[in-house]
Amino acid sequence: MATLALDSDFAPKNNPLPAEVLAQRDDIPRIYGNVDFAVMPERFSIDLADKVEMPPRFLSRRAELLADEDCLETIRAYTMTGDRTADAYAALMPEFGFRRLVDMLDLACDEGLEAVEDAPAELCAFIGAMEEKPDWLDMEMVEQGARQERNAHVHLTPFVLRGAFIATFMNKYSALPMALTGTLSNNTAARRAYETGSFFTSTLMPGALRRDGAGFKAAAKVRLMHSMVRANIMRSGNWDVSVFGIPIPQVDQMPAGLIGTYLMAREVLDSGRETFTPEERAKVELARYRCFLLGLPEDLLSDTPRGIEKLWLTRQATLRAEFDPETCGALLRATMAAEMTQGRGPMAGVRRWMEGGFSKLFFIEHFMGGDRALAASVGVTMSAIDKLAALTAVAFVHGRIRWFKLLDAIPATREWADRRLVRKLARLLKTYGHADFITDASKYKPSV
């Protein structure tokens, strides 16, 4: 089995994992029964000689980050942690089948657990965990955050969704679960991207994250989907934990849930500030609670710019970098070729053109550190036409965002503008179509 190549300065960090991580093996043996938690996977590196996923501008800070024992141990533990409550429910697939588990979850979200006849204890625990209210939760602030996010989201997301989705599978260790589920064709890549967009869009509707809201239900289904992928992959017996670790660990769900928060924290720190404004703080609370509903542990949900940065960069400082042409390359090519802009006619064509250029620019600037040569090495290139499309999209998007900011600043038009944004969100959800958030093991690709 592969073991960590440890730099002598960091050898003491190879401590036993916390008891709650080890307990996964006994509590959910169908998924974790054969996992050797004494061996850290190849993906996790604390050797300064290894190439990791840190952007070039932060590489000089790697030794400093690895020397922070508390943060390093947090990332290490959650590299080997799934979702214990949702995993326990997903582990019931042999008895109930995946469709029945999804149906029971739907009913429990819509009508309450009492509506589910003979509800399994695992379902009760799952819903119960989501219904818990963390001590820091302020739902009024969460609603404020959603209201503030609506403007940028509805105007920007259609243009960045492809680029952000690409970033989730640029590393072979974190991308493999998606590859195995069959997300390698143009159609399936677009559908998965739409499901991602649908989830985040649904959580911005008024009241969406309350117990009876659509965002709460979507979060439950996303959690179950991830756990079903985890269970099916581990049940195959061919997944190499010593190389890839736990499929879809908590540290790999953190970037998807907090990318916007991290980019905002980055802007705050780059501007010389150390704290969020009240408006920024509301957006952070929205993201934190959304991630809480998705099952992320509170240890990964910092509420300060510096704390968010440290967790994000420490994950990157420990994730070994490797781009696999067969896995990452296939996902990238499928997503780049996917049809992400619907409709016909001249306007749809213009949007399609702008989206293609803008998504490339977003990916290169935010995930390739602006290095176009590096982006080209993984298959993402920008032509002169792409640059023109990106610039046109920037003007188009920011013009709309500024207009709605102006409307929001005027008391007489503030509520009208928000109602208008809510209608735009609804149309965006219609564009994405119905999101099932399910995974069928029969469609999985051969395991590693």
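Helices, of at least four residues, are DSSP runs numbered from the N terminus. In this predicted model, such helices serve as landmarks for the features described below.

**Positive phi angles in two loops**

Most residues other than glycine have a negative phi. Ile248 departs from this pattern, with a positive phi of about 50° although it is not a glycine. Ile248 lies in the loop that runs between helix H13 (241-244) and helix H14 (250-270). Its relative accessible area is 15%, so Ile248 is buried.

Asp118 is also a residue other than glycine with a positive phi, in this case near 50°. Its place is in the loop between helix H7 (98-111) and helix H8 (121-131). Is Asp118 buried or exposed? Asp118 counts as exposed, because its relative accessibility is 67% and the cut-off for exposed residues is over 50%.

**The loop between H8 and H9**

Asp135 is found in the loop between H8 and helix H9 (139-167). With a relative accessible area of 83%, Asp135 is exposed. Together with Glu20, Glu298 and Asp299, Asp135 forms a negative surface patch.

Trp136 is in the loop between H8 and H9 as well, and it takes part in an aromatic contact, as described next.

**Aromatic pairs**

A pair of aromatic rings is described by the distance of the centres and the angle of the planes. The whole structure contains 10 aromatic pairs, and the table sets out two of them.

| Pair | Centre distance | Plane angle | Arrangement |
|---|---|---|---|
| Trp136 and Phe292 | 6.4 Å | 85° | edge-to-face |
| Tyr194 and Tyr432 | 5.4 Å | 45° | tilted |

The planes of Trp136 and Phe292 stand at 85°, so this pair is edge-to-face; the cut-off for that class is over 60 degrees. The pair links distant parts of the chain, since Phe292 belongs to helix H15 (residues 278-293) and is 156 residues apart from Trp136. Phe292 counts as buried, at 13% relative accessibility. Ring pairs also bring in Tyr289, which forms a cluster with Trp136 and Phe292.

Which helices hold the two rings of the pair formed by Tyr194 and Tyr432? Tyr194 is in helix H11 (residues 186-202) and Tyr432 in helix H21 (residues 411-432), so that the pair links distant parts of the chain, 238 residues apart. Tyr194 counts as buried at 10% relative accessibility, and Tyr432 likewise counts as buried, at 8%. Both values meet the cut-off for buried residues, which is under 20% relative accessible area.

Definitions and conventions:
Residues are numbered from 1 along each chain as its sequence is written. This is a predicted model: local features need pLDDT of at least 70, side-chain atom pairs count only at pLDDT 80 or more; totals for chains, interfaces and linings use all residues. Side-chain values use heavy atoms; hydrogens and water are left out. Buried means under 20% relative accessible area, exposed over 50%, partly exposed in between (1.4 Å probe, protein chains only). Patches are made of residues with over 30% relative accessible area and no salt bridge: like charges are joined within 9 Å, nonpolar side chains (Val, Leu, Ile, Met, Phe, Trp, Tyr) within 5 Å. Accessible areas come from the Shrake-Rupley method with a 1.4 Å probe; for residues, only the protein chains shown count as cover. A salt bridge is a side-chain nitrogen of Lys or Arg within 4 Å of a carboxyl oxygen of Asp or Glu. Lys and Arg count as positive and Asp and Glu as negative; His and the chain ends are not counted. The place of a charge is taken as NZ of Lys, CZ of Arg, CG of Asp or CD of Glu. Rings of Phe, Tyr and Trp (its six-membered ring) pair if their centres lie within 6.5 Å; planes under 30 degrees apart count as stacked, over 60 as edge-to-face and the rest as tilted.
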